[in-house]
Amino acid sequence: LGPVTYGPGEAVGAPDHPHRGQETVSIMLQGGMQHRDSAGHSGELSAGWVQWMTAGRGVIHSEMPLDDLMENGGTMEGFQLWVNLPAKEKMCEPRYQDVPPERIPVAEADGVIARVITGECLGSSAVIETKTPITVLDIRLAPGASLTQPLPRDSGGLIYVFRGNVRVN
């Protein structure tokens, strides 16, 4: 999701489209979007919000820029992750967890600031419930700071650096 800066009337989104058998995670950094789905759910996400959508047996939904972004323009930036559901959960009931920034735990220590979206970090636990065991952290490191993040032995890992650089040992 960007970053892209739109002029008035230029912002684009994703009109009605299906999801099934997965969890879609939207993490907004700037701008915002509104979502609506075939089951009657709707909501708005703006900077700092996280939406954890469990599509399960299926949902048709749309993700469109907020009205203010459409009318006045502005910057849209964020991430969207697609997490495959375990086979036994693929036909579960769809659900949304729209979480404002003030509900996302923040762990801090020695130049490390980590928003704990799922899983645990530095003694803080996430409020989002997942069907797939996964740790998602938004980590900001001061120059020279380091973080040792344990993960369950049977899990994989992914680090996505989008500003600056990092060394992984």
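Which residues does isoleucine 117 touch, when residues up to four places away in sequence are not counted? In this predicted model, the residues touched by isoleucine 117 are Ile27, Val50, Ile104, Ala126, Ile128, Val136 and Asp138. Several of these names recur in the description of the nonpolar interior, and one of them, Asp138, leads to the charged pairs considered further below.

The largest nonpolar core comprises 10 residues, namely Val25, Ile27, Val50, Trp52, Val83, Val99, Ile104, Ile117, Ile128 and Val136. Strands E3 and E6 each contribute at least two residues to this core. A second core, separate from the one just described, is made up of seven residues, among them Tyr6, Met28, Met33 and Leu45. In soluble globular proteins, nonpolar side chains tend to be buried together.

Strand E3, which spans residues 22-30, is mostly covered, with eight of its nine residues buried. The pairing between E3 and E8 is antiparallel and extends over eight bridges, and within it glutamate 23 stands opposite valine 83 of E8. E3 is also joined to E6, again in an antiparallel arrangement, through five bridges, with threonine 24 placed opposite methionine 53 of E6. Valine 83, the partner of glutamate 23 in E8, is itself listed among the members of the largest nonpolar core. In a regular strand the side chains alternate between the two faces of the sheet.

The charged side chains were examined next. The structure holds six salt bridges, of which three are described here in turn. Arginine 57 and glutamate 93 meet through their side chains in a salt bridge with an N to O distance of 2.9 Å. This pair links distant parts of the chain, since arginine 57 belongs to the loop between strand E6 (50-54) and strand E7 (59-65), whereas glutamate 93 belongs to the loop between strand E8 (74-84) and strand E9 (95-99), the two being 36 residues apart. Arginine 57 is partly exposed, its relative accessible area being 43%.

Another salt bridge is formed by arginine 95 and glutamate 129, whose closest N and O atoms are 3.5 Å apart. Because arginine 95 lies in strand E9 and glutamate 129 in the loop between strand E13 (124-125) and strand E14 (136-141), the pair ties together parts that are 34 residues apart in sequence. The two partners fall into separate accessibility classes: arginine 95 counts as partly exposed at 26% relative accessibility, while glutamate 129 is exposed, with a relative accessible area of 51%. Side chains of opposite charge can pair when their charged atoms come close.

Aspartate 138, found in strand E14, takes part in a salt bridge with arginine 140, in which the N to O distance is 3.1 Å. The side chains of aspartate 138 and arginine 140 are likewise joined by a polar contact of 3.1 Å. Arg115 belongs with these two residues to a network of salt bridges. Aspartate 138 counts as buried because its relative accessibility is 10%, which is under the 20% limit for that class, whereas arginine 140, at 44%, counts as partly exposed. Beyond its neighbours within four places in sequence, aspartate 138 is in contact with Leu29, Ile113, Ala114, Arg115 and Ile117. The last of these contacts returns to isoleucine 117, for which Asp138 is likewise among the residues touched.

The cysteines and one serine complete the account. The count of disulfides comes to zero. Cysteine 92 is buried, with a relative accessible area of 13%, and cysteine 121 also counts as buried, at 1% relative accessibility. Serine 62 has its place in strand E7 and, at 10% relative accessibility, is likewise classed as buried. Although serine 62 and histidine 35 are 27 residues apart in sequence, their C-alpha atoms are 5.4 Å apart in space. Leaving aside neighbours within four places in sequence, serine 62 is in contact with Ala14, Pro15, Asp16 and His17, and also with Gln34, His35 and Arg36.

Terms used:
Residues numbered from 1 in each chain as written. Predicted model: local features only at pLDDT ≥ 70, side-chain atom pairs only at ≥ 80, totals over all residues. Heavy atoms only, no water. Salt bridge = Lys/Arg side-chain N within 4 Å of Asp/Glu carboxyl O. Helix = DSSP H or I, 4+ residues; strand = E, 2+ residues; numbered from the N terminus. Buried < 20%, exposed > 50% of the residue type's maximum accessible area, 1.4 Å probe, protein only. Polar contact = N/O pair within 3.5 Å; in protein donor to acceptor, adjacent residues only side chain to side chain. Contact = heavy atoms within 4.5 Å. Pairing = 2+ DSSP bridges. Core = buried A, V, L, I, M, F, W, Y, C linked by side-chain atoms within 4.5 Å. Disulfide = S-S within 2.5 Å.
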